[in-house]
Amino acid sequence: MGDIISDYLAFSHGSVQVDGATAKYSYDSGSKLLTVDLGEISAGQTKTVTFEAVVNATAYGKSFNNVAVLSADNDSDKTAIDEGTTIENGTARMSAAKSVDKTTVKVGDILTYAITASNSEAATVNLKNVVMTDTISDYLTFSHGSVQVDGYSARYSYDNESKVLSVEIGDVAAGQTKTITFTCLVNSSAYGKSFQNTAVLTADNDDDKTVTDKGVTVEDGTAEGSVGAKTVSSSTAKAHDTLTYSITLRNSSAATAAWTGIEVSDVIPEYLSFVSGSVEEDGRSSNNFSYDGQCSAPHFFFCHCVQSRQSVDSFV
């Protein structure tokens with residue numbers, strides 16, 4: 001008897017029996033051909049060959065038959081085929097979680113996010129082609145090069161416009177967990193804000209999983225503004241000379257918020273005439289002021305003062 005074992009099966013060596021007794025056989029692992037010598041079969045006699053094979057991991061969702069060929073010196077070959085076997089589709093069981101290392105932060109802090117993708121020990125197949133996508137909050141700036149999978153630098157794609165981060169983590173075996181980490185900077189738009197980030201994990205053979213961290217709250221921050229010395233371009237002058245006055249404003253490098261809503265007023269001495277159009281802010285001409293000629297008081301209104309940045313305003 002000759003039987004070519006299906007590619008979806010692994011032959012169990014030592015399992016061959018003839019009429020319930022262990023029998024000699026040969027098996028070619030290359031061709032997967034099992035051969036059993038049955039000797040002679042008398043008139044009215046029946047011999048039964050049995051053997052075992054294990055369904056391997058390539059067989060999920062497959063159907064197959066096995067064909068045996070019996071040959072004898074004094075009769076034509078006989079072919080026997082079984083009724084066939086169908087293997088159920090395997091089941092992957094994905095679960096996911098997301099966390100962030102801080103829940104209360106300041107602008108300028110670094111957040112580390114961690115997303116896990118797990119396949120249950122009860123799963124019968126690998127999770128196939130798992131991909132994680134995460135839309136980064138507008139209050140965060142993604143740190144390029146920070147993406148890791150299980151502690152090793154990993155490939156990723158990031159779209160600056162949509163702020164979508166995508167990481168391919170491949171297959172996840174039954175009982176295995178893979179962890180993705182990346183970092184983000186809390187940016188200056190985040191003062192006083194609270195936000196969460198959501199990641200979506202997809203696989204070819206399981207439903208999508210959506211996970212959200214517990215959320216982050218950003219402190220309001222404190223401005224530490226100060227006014228420096230007021231200077232004049234010349235300590236002596238003649239009639240019709242032009243004098244340039246400078247006022248320096250500064251938000252301390254220790255400040256944790258922008259200095260905003262600043263208004264500066266200056267009463268022009270009666271011996272001077274304000275030069276219209278002479279106001280500058282950080283060296284650039286500014287129309288962000290008003291001047292009342294009746295009380296000789298020019299007013300300067302600044303929309304904002306960037307944290308830790310000096311602003312110099314002058315007029316002549």
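1. A residue is called buried when its relative accessible area is under 20%, exposed when that value is over 50%, and partly exposed when the value falls in between. With these limits in hand, the salt bridges, pockets and loops of this structure, which is a predicted model, can be taken in turn. Lys 128 is a convenient starting case, because its relative accessible area of 36% lies between the two limits and it is therefore partly exposed.

2. Lys 128 is joined to Asp 171 by a salt bridge in which the closest N and O atoms are 3.6 Å apart. The pair links distant parts of the chain, with Asp 171 in strand S21 (residues 164–172) and Lys 128 in strand S16, and the two residues are 43 residues apart. Asp 171 is itself partly exposed, having a relative accessible area of 30%.

3. A salt bridge is also formed between Lys 98 and Asp 134, where the closest N and O atoms are 2.4 Å apart. Because Lys 98 belongs to strand S13 (residues 94–100) and Asp 134 to strand S16 (residues 127–135), this pair ties together parts of the chain that are 36 residues apart in sequence. Lys 98 counts as buried at 10% relative accessibility, and Asp 134 is likewise buried, with a relative accessible area of 1%. A reader who inspects this pair in the model may wish to keep in view that the 2.4 Å separation is a computed value taken from predicted coordinates.

4. The structure holds six salt bridges, and one further example is the pair Lys 209 and Asp 206, whose closest N and O atoms are 3.8 Å apart. Lys 209 is partly exposed, with a relative accessible area of 22%.

5. Turning to the pockets, the largest has a volume of about 480 Å³. Its lining is made up of 15 residues, and those that lie nearest the centre of the pocket are Gly 39, Ile 41, Ser 71, Ala 72 and Asp 73. Strand S10 (67–72) and strand S11 (75–81) each contribute at least two residues to this lining, which by class consists of six nonpolar, four polar and five charged residues.

6. The second largest pocket has a volume of about 220 Å³. The residues that line this second pocket are Asp 3, Leu 9, Phe 51, Ala 53, Val 55, Phe 64, Asn 66, Ala 68, Asp 82 and Thr 85, and by class they divide into six nonpolar, two polar and two charged residues.

7. On the surface, Val 67, Val 69 and Ile 81 together make a nonpolar patch of about 230 Å². Val 67 lies in strand S10, the strand that also supplies at least two residues of the lining of the largest pocket. Patches are made of residues with over 30% relative accessible area, and Val 67, which is partly exposed at 35%, is above that cut-off.

8. Two loop residues illustrate how separation along the chain and separation in space can be read together. Ala 257, in the loop between strand S28 (245–251) and strand S29 (259–265), is buried, with a relative accessible area of 8%. Although Ala 257 and Thr 222 are 35 residues apart in sequence, their C-alpha atoms are 4.9 Å apart in space. Lys 47, by contrast, is placed in the loop between strand S6 (33–35) and strand S7 (49–50), and its C-alpha atom is separated by 28 Å from that of Ser 63, which is 16 residues away along the chain. Lys 47 counts as partly exposed, at 25% relative accessibility.

9. The backbone merits a look at two further positions. Most residues other than glycine have a negative phi. Lys 163, however, has a positive phi near 60°, and this residue is found in the loop between strand S20 (157–159) and S21, where it is buried, with a relative accessible area of 13%. Asp 282 also has a positive phi, near 55°, and lies in the loop between strand S30 (280–281) and strand S31 (284–285); at 29% relative accessibility, Asp 282 counts as partly exposed.

How values were computed: Residues numbered from 1 in each chain as written. Predicted model: local features only at pLDDT ≥ 70, side-chain atom pairs only at ≥ 80, totals over all residues. Heavy atoms only, no water. 1 Å grid on protein atoms, 1.4 Å probe; cavity = no way out; pocket = protein on both sides within 12 Å on 5 of 7 lines; lining within 4 Å. Points joined across faces, edges and corners; volume = space filled by probe spheres on them. Helix = DSSP H or I, 4+ residues; strand = E, 2+ residues; numbered from the N terminus. Nonpolar A, V, L, I, M, F, W, Y, C, P; charged D, E, K, R; others polar. Patch = residues over 30% accessible without salt bridge, like charges linked within 9 Å, V, L, I, M, F, W, Y side chains within 5 Å. Areas by Shrake-Rupley, 256 points an atom, 1.4 Å probe, with all protein chains shown as cover. Salt bridge = Lys/Arg side-chain N within 4 Å of Asp/Glu carboxyl O. Buried < 20%, exposed > 50% of the residue type's maximum accessible area, 1.4 Å probe, protein only.
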